[in-house]
Amino acid sequence: MTDGNGTLAWWQTGIIYQIYPLSFQDSDGDGRGDLPGILHRLDYLADLNIAAVWLSPVFASPMRDFGYDVADYTSIHPWFGTLSDFDRLLAGLHGRGIKLILDLVPNHTSDRHPWFLESRSSRDNPRRDWYLWRDPAPGGGPPNNWLSFFGGPAWTYDETTGQYYLHQFTPEQPELNLRHPAVLEAMLEVMRFWLDRGVDGFRVDVPWLLIKDAGFRDEPENPAWDGIDPHGRLLHIHTAHQPELHRIIRAMRAVVDGYPGERVLIGETNVPEEELVKYYGAARDEFHLPFNFRLIHAPWDARKIRQMVETYEAILPQRASPAWVLGNHDQPRIASRFGPDAARVATMLLLTLRGTPTCYYGDELGMENGVIPRDRIRDPQALNQPGISGVFNRDEARTPLPWDTSPNAGFAPEGVDPWLPLGEDWPMRNVARQAADPRSMLALFRALTRLRQCHPALSHGSYESVDTKADGVFAYKRTAGAERLLIVLDFAGSEHLLDSGELADGAEILLSTGMRRTGRVDLRRLRLLSNEGLILKIS
Ligand code: GLC
C-alpha cells in the first residue's frame with residue numbers, strides 16, 4: 001500500500017488494541033486473566049479487524065503496580081502463564097496476521113528486582129549507581145522536594161546504607177539510572193530478548209521521565225496548581241522532559257530498527273503537544289508512534305477538538321503519523337466520560353482521524369467505569385491518595401471483559417471471585433449479546449474497523465477540516481487518490497440541518513453511528529441526528 005511517498009508500514013495504517021491481561025480472559029480459574037485465555041479468544045480479536053495487540057506488562061512482578069513494577073524483564077509472571085504460553089500466543093496472533101507489542105518499563109524496576117537488591121545492599125556494590133541514591137538533606141529528610149505521582153515524596157530512606165532512593169510512583173518502584181551505560185545496555189538487551197522471540201515492538205512506559213536533572217535541584221511551585229492533585233503542586237522542570245532522554249529513546253529505536261520486518265516503537269507520551277512532537281526525533285529516529293493523549297484530556301466540545309486536531313496536524317513533522325488514544329488502563333472509560341451515545345461518536349472520531357488509533361479493550365462494548373467497593377480497591381495510586389480516590393481510581397477502568405451471560409460473564413469459571421468485580425451492567429453489556437445485535441456498539445466498532453480496512457482514505461488519506469457553520473458539529477474530509485470521504489460528527493446532542501453543498505451535491509452514507517441510515521443523501525440538506533456520526537462517500 002502506498003501514499004505516493006513510498007510503502008506504508010502496518011503501524012501507519014492499522015489499529016492497535018490494548019489488552020489489560022488481568023482482565024481479558026481467565027483460563028485457569030484463579031479469577032485473573034492470563035495468556036492462554038487471550039489465545040482462546042483469537043477469533044474475537046481477529047473479528048475486531050485490528051493490526052496489533054498491545055499487552056500491558058505480563059512479566060514477573062510482585063504486582064504492587066500490577067506489572068508496572070518488573071522483577072524480571074524476561075520471564076512471565078505465573079499468574080499469566082509461562083514463556084511457552086507466551087510463544088504460543090505470539091504464534092497464534094501471527095497466524096491470524098495480528099502483531100504483538102509488549103510493554104517496556106525502563107524507568108523503574110520492582111524493589112524485588114535482583115539489580116535493586118544488589119544496589120541497596122551496600123554503598124560500594126557494583127550496582128549501587130544503577131539506581132538514584134542520594135544523601136539526606138543537610139538538616140535530615142529527603143534530598144530535595146520532588147514528588148511521587150502516587151502521593152508523598154519521591155524519595156524513600158533505606159536504613160541499610162543511610163541514603164534515599166528515587167521513585168516517582170510507589171516506593172516499590174525504584175528508578176533506574178539510565179545515564180549509566182550498563183543500565184541502558186541492560187535495557188536494550190531486554191528488548192533484544194523479546195525481539196529475538198518475534199515480538200513486533202514495544203510501548204515504552206513514561207518516557208518523559210527517563211532522565212532526571214543531574215544536579216537534583218528542587219522543583220518550583222506551580223502557580224496554577226488546582227489544589228487537588230498533590231503531584232501538580234510543583235512544576236516538574238527537573239524530573240520531566242530532560243533533553244538528554246531523547247538519546248535513550250534513539251538507542252532503543254536503533255535496536256528496533258536493527259531487526260527485520262516492521263517492528264515498532266511506541267511511546268506513552270502523556271506530555272504537552274510542543275514536547276510531544278519532539279519524540280518523533282529530529283531525524284525521525286525516536287518513536288514511530290508517540291501517543292497523543294490530547295483527546296483523553298479534551299472536553300467533549302466540537303470546536304475545541306477541531307482546534308486540537310488542527311493544531312496537531314500543523315505542528316507534526318512531515319509525514320509523521322499521529323497516534324491518537326481515547327482511553328487506557330489509567331483513565332476513566334470513554335462511555336463514563338462522555339455518556340453511552342457520545343461514546344459511539346467518540347469511537348467514530350478515533351477511528352476516522354488521520355493516524356494510528358489505539359483502542360482499549362472493552363471500549364468496543366462501550367464498557368463503563370466499574371463500581372469498586374472500598375475494600376476491593378487494588379490500584380496503588382488510589383490507595384496512596386484516598387483524598388483523590390473518590391474521584392476516580394484506575395481499577396474502575398480495569399474490570400473484567402464480560403463475554404456472555406454465563407456465571408462470571410464467561411470471564412472466569414463459576415464460583416471464582418474475579419480479581420476485580422465485573423461491571424454492574426454485564427448481564428446486558430457483554431460480547432455475546434452485542435455480537436447478536438446488529439446495532440450494538442460492538443457491531444459499530446467492527447463496521448468502523450472494516451471500513452478502515454477497505455477505504456484507503458480512512459487508513460492513510462489526508463485530513464482537512466470542513467466548516468459546517470453549525471455549532472456542536474465537527475466535520476472533516478479524508479482523501480486518498482480519487483476517494484473522498486466526509487465525516488460529520490455531532491458533539492452537542494442535538495439535531496442539525498447542514499449545507500455542505502460546496503463539496504458535492506450528493507453523497508452516500510457508508511456508516512452512521514446509529515446504524516440505521518444508509519443510502520444517498522443531498523449534501524445541501526444533510527440531516528445529522530442528535531449524537532450521530534456519519535461517514536459519507538462524496539461522489
Ligand atoms: C504508566 C502506566 C501506569 C503505571 C505508571 C508507572 O503511566 O501506564 O499504569 O502506573 O506508568 O509505571
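**Helix 16, the ligand site and selected residues**

Helix 16, which runs over residues 441-454, has 14 residues that at 1.5 Å a residue should span 20 Å, and its end C-alpha atoms are indeed 20 Å apart, so the expected and the computed span agree. The model is a predicted one, and the points below take up the surroundings of this helix, the ligand site and three individual residues.

**Helix 16**

- Of the 14 residues in helix 16, 11 are buried, so the helix is largely enclosed by the rest of the structure.
- The buried residues of the helix begin with the run Met441, Leu442, Ala443, Leu444, Phe445, Arg446, Ala447, Leu448 and Thr449, and they also include Leu451 and Arg452.

**Ligand site**

- The ligand is surrounded by 14 residues, of which the closest are Asp65, Asp205, Glu268, His329 and Asp330.
- The space that the ligand takes up is the largest pocket.
- Among the polar side chains at the ligand, aspartate 330 places a polar side-chain atom 2.5 Å from an oxygen atom of the ligand, while an N or O atom in the side chain of histidine 329 is 2.8 Å from a ligand oxygen atom, and a polar side-chain atom of arginine 203 lies 3.1 Å from an oxygen atom of the ligand.
- On its own the ligand has 300 Å² of accessible area, and the protein covers 96% of that area.

**Glutamine 163**

- Glutamine 163 belongs to strand 8, which covers residues 163-166, and because its relative accessibility is 10%, under the 20% cut-off, the residue counts as buried.
- The side chain of glutamine 163 is joined to that of arginine 128 by a polar contact of 2.7 Å.

**Loop residues with positive phi**

- Asparagine 49 is a residue other than glycine, yet its phi has a positive value near 60°; the residue lies in the loop that runs between helix 3 (42-47) and strand 2 (52-55).
- With a relative accessibility of 15%, which is under the 20% limit, asparagine 49 counts as buried.
- Phenylalanine 216, although it is not a glycine, likewise has a positive phi, of about 50°, and it is found in the loop between strand 9 (201-204) and helix 7 (245-257).
- Phenylalanine 216 also counts as buried, because its relative accessibility of 13% is under 20%.

Terms used: Residues numbered from 1 in each chain as written. Predicted model: local features only at pLDDT ≥ 70, side-chain atom pairs only at ≥ 80, totals over all residues. Heavy atoms only, no water. Helix = DSSP H or I, 4+ residues; strand = E, 2+ residues; numbered from the N terminus. Expected span 1.5 Å × (residues − 1). Buried < 20%, exposed > 50% of the residue type's maximum accessible area, 1.4 Å probe, protein only. Near = heavy atom within 4 Å. Polar contact = N/O pair within 3.5 Å; in protein donor to acceptor, adjacent residues only side chain to side chain. Areas by Shrake-Rupley, 256 points an atom, 1.4 Å probe, with all protein chains shown as cover. 1 Å grid on protein atoms, 1.4 Å probe; cavity = no way out; pocket = protein on both sides within 12 Å on 5 of 7 lines; lining within 4 Å. Sits in = over half its atoms within 2 Å of the grid points.
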